[in-house]
Amino acid sequence: MDRDEQEPVGVIAEPDLYIQGGQPLRGEVRIEASKNAVLPILAATLLTADTVRLPGVPWLHDVDTLCRVQRALGTDVVREGRDLMVQAIDIDPFAAPEHLVRRMRASFLIAGPLLARFGAARVPLPGGCAIGSRPIDLHLKGLVALGADVQAGSGYIEFRAPRLRGATIYLDFPSVGATENLLMAAAMADGWTTIENAAQEPEVVDLANFLCSMGGEVRGAGTAELRIHGVRRLHGADYQVISDRIEAGTYLVATAATGGDVTVGPVLPEHLKPLLAKLREAGSVIDVAGDTVRMRQKGRLKPIDVKTMPHPGFPTDLQAPLMAALSIAAGTSVITETVFENRFMHVSELRRMGADIKIEGRTAMVTGVSYLTGANLHASDLRAAAALVIAALAAEGKSTVADAYHLDRGYAGLEEKFAALGADIERRASCSEVV
Ligand code: UD1
């Protein structure tokens with residue numbers, strides 16, 4: 001059962017993670033398949049009635065949520081060991097349940113493929129991490145351009161289009177989700193679609209490659225102009241999803257914060273370039289060999305300036321983790337968040353550990369202190385939770401992180417992986433009955 005359904009009245013929430021800081025991290029970490037690539041690819045399996053096999057999919061809450069949405073639509077989803085087998089035959093495109101879709105913004109990715117294959121869809125309005133308003137206007141505008149009739153009901157959106165037809169769509173912002181939704185819709189539309197100012201994230205490229213492995217025609221993936229030629233039918237596939245650059249980045253940043261010597265892999269080092277450039281600037285020693293990245297850190301980081309940007313800029317998902325590491329750098333760093341508003345919710349928690357951070361609009365001035373002190377912390381979203389874990393690992397003394405379940409949305413076995421690197425970290429029951 002899910003936490004939000006299971007937490008009964010008469011319980012008090014207790015901290016989930018207990019961390020004793022101060023251990024440098026040493027060893028190797030195995031990186032999983034990318035959460036942000038698995039989710040759109042799982043949505044894209046709705047485009048075919050054939051079986052799709054996705055090997056090595058990590059068991060994350062967000063993956064679980066989308067599997068449940070898929071099952072509610074009628075998809076047969078089976079986990080065989082670490083593999084996911086998916087087959088979408090008898091689909092009801094109106095059956096996406098509100099309570100699941102609200103839990104995760106990426107659920108809205110079912111709109112494009114449902115509409116493309118079934119000519120209709122009803123999708124509840126999405127939820128997700130509490131990081132800014134996160135509208136879906138670009139998804140909707142793009143689907144309208146492809147010929148969809150879009151009607152907003154109370155709490156849901158209904159789409160109809162007996163046939164989608166290719167069009168040229170300019171995105172006001174290179175939204176990852178909107179690019180993915182439109183790419184899936186265009187994959188079965190009549191004729192050519194061009195998406196201008198498209199997102200260039202590696203996860204978008206992976207979705208394009210997946211669609212091509214199903215018989216789709218996509219050109220320009222990884223550039224700002226995507227060209228898609230719609231086909232009548234897509235077939236099944238056996239597809240290995242790319243590895244998770246954000247998970248890898250989190251372990252690298254944790255090593256930068258605590259000191260130590262950690263190798264992550266398998267990764268596509270190209271995907272980590274924006275982070276590696278910044279960590280090198282901050283004084284970390286980084287060696288790339290094949291599909292691994294080794295990171296060595298002695299002493300304090302140097303301060304750096306970082307601005308989050310769409311890919312290939314610095315990823316917003318690593319902004320909070322990097323801020324935790326820079327809060328003990330030898331000087332003042334300037335971090336500017338341009339992708340999401342309101343993505344500084346970790347700052348108040350870092351301050352409780354002694355961090356010196358001033359916020360002005362979308363910019364944080366982070367003046368490194370010589371040490372952080374363990375504290376009782378509260379996680380507000382997935383990447384903020386990762387940042388707090390990193391800060392707690394680097395801090396002097398003991399910390400607790402409440403609502404650490406946010407981590408389970410995006411990190412498989414996080415505490416086991418950190419413990420294997422020598423960290424003193426443990427998860428305990430998340431709530432107990434009031435006596
Ligand atoms: C995806 C990632 C998330 C990452 C983000 C940016 C997944 C499942 N999630 O989220 O981890 O942080 O990319 O790299 O892949 N926007 C609009 N209108 C829209 C859509 C987006 O204004 O219709 C705005 C958002 O409010 C936000 C910005 O565009 O400010 C970026 O959002 P987007 O790129 O769409 O992120 P997601 O796809 O939600």
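Begin by selecting Gly177 together with the ligand: a backbone N or O atom of Gly177 lies 2.8 Å from an oxygen atom of the ligand, and please keep in mind throughout that you are looking at a predicted model. Now add Val176, where a backbone N or O atom is likewise placed 2.8 Å from a ligand oxygen atom. Then show the side chain of Ser175, in which an N or O atom is 2.6 Å from an oxygen atom of the ligand. With these three on screen, switch on the surface of the ligand, which on its own has 740 Å² of accessible area, and of this the protein covers 85%.

Next, widen the selection to the whole shell, in which 19 residues surround the ligand, the closest being Asp137, Leu138, Ser175, Asp317 and Val339. If you colour the shell by residue type, you will find nine nonpolar, five polar and five charged residues. Which elements give two or more residues to this shell? They are H2, helix H6 (137–145) and helix H7 (176–186), and the largest share, three residues, comes from H6.

From the ligand, move along to helix H2 (residues 35–44) and select it with helix H3 (residues 61–73), whose axis is 10 Å from that of H2, at an angle of about 5 degrees. The two helices are therefore roughly parallel to each other, since angles under 35 degrees count as such. To see where they meet, show Lys35, Val38, Leu39, Leu42 and Ala43 in H2, and opposite them Asp62, Val63, Leu66, Cys67 and Gln70 in H3. The residues of this contact comprise seven nonpolar, one polar and two charged.

Note on methods. Residues are numbered from 1 along each chain as its sequence is written. This is a predicted model: local features need pLDDT of at least 70, side-chain atom pairs count only at pLDDT 80 or more; totals for chains, interfaces and linings use all residues. Side-chain values use heavy atoms; hydrogens and water are left out. Axes are lines fitted to C-alpha atoms, for helices over the stretch in contact, and angles run from 0 to 180 degrees between N-to-C directions. Helices (H or I, at least four residues) and strands (E, at least two) are DSSP runs, numbered from the N terminus. Angles under 35 degrees count as roughly parallel, over 145 as roughly antiparallel, 65 to 115 as roughly perpendicular and the rest as oblique. Contact means heavy atoms within 4.5 Å. Ala, Val, Leu, Ile, Met, Phe, Trp, Tyr, Cys and Pro count as nonpolar, Asp, Glu, Lys and Arg as charged, and the others, Gly among them, as polar. A residue is near a molecule or strand if one of its heavy atoms lies within 4 Å of it. A polar contact is a pair of N or O atoms within 3.5 Å; within protein, one must be able to donate a hydrogen and the other to accept it, and residues adjacent in sequence count only if both atoms are side-chain atoms. Accessible areas come from the Shrake-Rupley method with a 1.4 Å probe; for residues, only the protein chains shown count as cover.
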